[in-house]
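Please work through the exercises below with the sequence and the model at hand. Each task is followed by a solution in steps.

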Amino acid sequence: MNINSNSTTPEAIPQNVNEHGSNGVIPQKILYTVKEVATIMHTNTGYVYQLINTGLLPALKLGSYKIRHATLMKFLDDYDGYDLTDPHDVEKISVSA
């Protein structure tokens, strides 16, 4: 498989996160399913749907919800240091001794 960042041909787009490119590097997927995002975030699909429904995690609807890799990384960066236990009541984490 030829991985070329400038190409959009189907052969150039990795479909499996475990596929190795010609340089031996494992390329990132472009889109994740809700189930894959739940696995990445160590949570369940219901919680990911809550994040989507509250607007905290933008998603695409392509038959089913898909989350872009870049969107997921931005979400994780933007909410680093926050308590997202309840997506309707996001608070900064405060550590008390």
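The exercises concern the sheet, a helix that packs on it, and one residue of that helix. The model is predicted, with local features requiring pLDDT of at least 70 and side-chain atom pairs pLDDT 80 or more, while totals for chains, interfaces and linings use all residues. Residues are numbered from 1 along each chain as its sequence is written, and side-chain values use heavy atoms, without hydrogens and water.

**Exercise 1.** Determine the strand order of the open sheet and identify its edges.

*Solution.* Helices (H or I, at least four residues) and strands (E, at least two) are DSSP runs, numbered from the N terminus. Strands pair if DSSP finds at least two bridges between them. The order is S1-S3-S2, with antiparallel pairing. S1 (31-33) and S2 (60-62) each have a single partner strand, so one side of each lacks a neighbour in the sheet. S2 and S3 (residues 64-68) are joined over 3 bridges; Lys-61 has Tyr-65 in S3 as its bridge partner.

**Exercise 2.** Describe how helix H3 packs on the sheet.

*Solution.* Contact means heavy atoms within 4.5 Å. Helix H3 (residues 69-78) touches S1 and S3. Its direction makes about 65 degrees with that of S3, where axes are lines fitted to C-alpha atoms, for helices over the stretch in contact, and angles run from 0 to 180 degrees between N-to-C directions.

**Exercise 3.** Is Thr-71 buried or exposed?

*Solution.* Thr-71 lies in helix H3. Buried means under 20% relative accessible area, exposed over 50%, and partly exposed in between (1.4 Å probe, protein chains only). With a value of 16%, Thr-71 is therefore buried. Not counting residues up to four places away in sequence, Thr-71 touches Leu-57 and Pro-58.
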